[in-house]
Amino acid sequence: MKKKDLTIPMEVYADAGELGPADSLLLNLAKEATGNAYAPYSGFRVGAAVRLANGETLTGSNQENASFPAGICAERVVLSAASALYPGTSVTDMAVSFYHEGGNNAKPISPCGICRQTITEYELRFASPIRLILGGNSGEVFILNRAADLLPLAFTSAEMK
Ligand code: THU
C-alpha cells in the first residue's frame, strides 16, 4: 500500500479588482445573470457566464421547480445553451457568481457535484480545458485552470471502453 495526496491547484485573488479585463467582464456577466434566476424555493440566485472559442459569451442562471429535483443549476443551463447554439465550438472559460438575500455574498461558490461532472464531460468532448472564475458579489475570487481539477478520479467515457 502506498499513500497518495491529490491537490487542487488554484489562484486566489483578494477581489475582482485584481482580475484581468476579460475575466472581470465574464464575472460581471455572471453577476448580472443572477438577476435572471428563477429561484423561488431556495432564494439562492446563481449566474454563470461562458466564453466560447469563437469569442461569443453566453449566460445562464438556476431554474428551480416545485418538483425540486427538476431544477437545474446555472452552470448546466449555460452549458446546455452553448451546446445547443454552438455544438461545434469549445468553451474556454466559465464564471460563476451568486446572490443570496440576507446571506454572505462576499465569497465564491464552486459548482456542485453534478455540474462538475457536466463541465468535465464538456472539457473531454472538445479536449479543451475550461477555466473557472468563481466569485461572489464581492470578496475573494478563485481561478482554476481546468474544471476537471475539481473532480479528481472522475468517472468518464474512458471507463466504458
Ligand atoms: N445552484 C447552482 O445553480 N449552481 C451551483 O453551483 C450551486 C447551486 C443552485 C441550485 C438551486 O437552485 C440553488 O442553487 C440552491 O441549491
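Me: Before we start, what makes a residue nonpolar, charged or polar here?

Reply: Ala, Val, Leu, Ile, Met, Phe, Trp, Tyr, Cys and Pro count as nonpolar, Asp, Glu, Lys and Arg as charged, and the others as polar. Keep in mind that this is a predicted model.

Me: Okay, so how do the residues of the shell around the ligand divide?

Reply: There are six nonpolar, three polar and two charged ones. Glu64 and Glu75 are among the residues around the ligand, and Glu counts as charged. Phe44, Val46 and Pro111 are also there, and those types count as nonpolar.

Me: What makes the link between the ligand and glutamate 64 a polar contact?

Reply: An oxygen atom of the ligand is 2.5 Å from an N or O atom in the glutamate 64 side chain. The cut-off is 3.5 Å, so this pair counts. Glutamate 75 passes too, because its side chain has an N or O atom 2.6 Å from a ligand oxygen. With alanine 74, a polar backbone atom is 2.9 Å from an oxygen atom of the ligand.

Me: How much of the ligand does the protein bury?

Reply: The protein buries 75% of the 370 Å² that the ligand exposes when taken alone. The space taken by the ligand is the largest pocket.

Me: Why is the pair of tyrosine 41 and phenylalanine 68 called tilted?

Reply: Their ring centres are 5.5 Å apart, and pairing needs 6.5 Å or less, so they pair. The planes are at 45°, neither under 30 nor over 60 degrees, therefore the pair is tilted. The count comes to three aromatic pairs.

Me: What makes this pair a link between distant parts of the chain?

Reply: Tyrosine 41 and phenylalanine 68 are 27 residues apart. Tyrosine 41 is in the loop between H1 and S2, while phenylalanine 68 is in the loop between S3 and H2.

Terms used: Residues are numbered from 1 along each chain as its sequence is written. This is a predicted model: local features need pLDDT of at least 70, side-chain atom pairs count only at pLDDT 80 or more; totals for chains, interfaces and linings use all residues. Side-chain values use heavy atoms; hydrogens and water are left out. A residue is near a molecule or strand if one of its heavy atoms lies within 4 Å of it. A polar contact is a pair of N or O atoms within 3.5 Å; within protein, one must be able to donate a hydrogen and the other to accept it, and residues adjacent in sequence count only if both atoms are side-chain atoms. Accessible areas come from the Shrake-Rupley method with a 1.4 Å probe; for residues, only the protein chains shown count as cover. On a 1 Å grid over the protein atoms alone, a cavity is a set of points where a 1.4 Å probe fits but cannot get out, and a pocket is an open set with protein on both sides within 12 Å along at least five of seven lines; lining residues have an atom within 4 Å of a point. A molecule sits in a cavity or pocket if more than half of its atoms lie within 2 Å of its grid points. Rings of Phe, Tyr and Trp (its six-membered ring) pair if their centres lie within 6.5 Å; planes under 30 degrees apart count as stacked, over 60 as edge-to-face and the rest as tilted. Helices (H or I, at least four residues) and strands (E, at least two) are DSSP runs, numbered from the N terminus.
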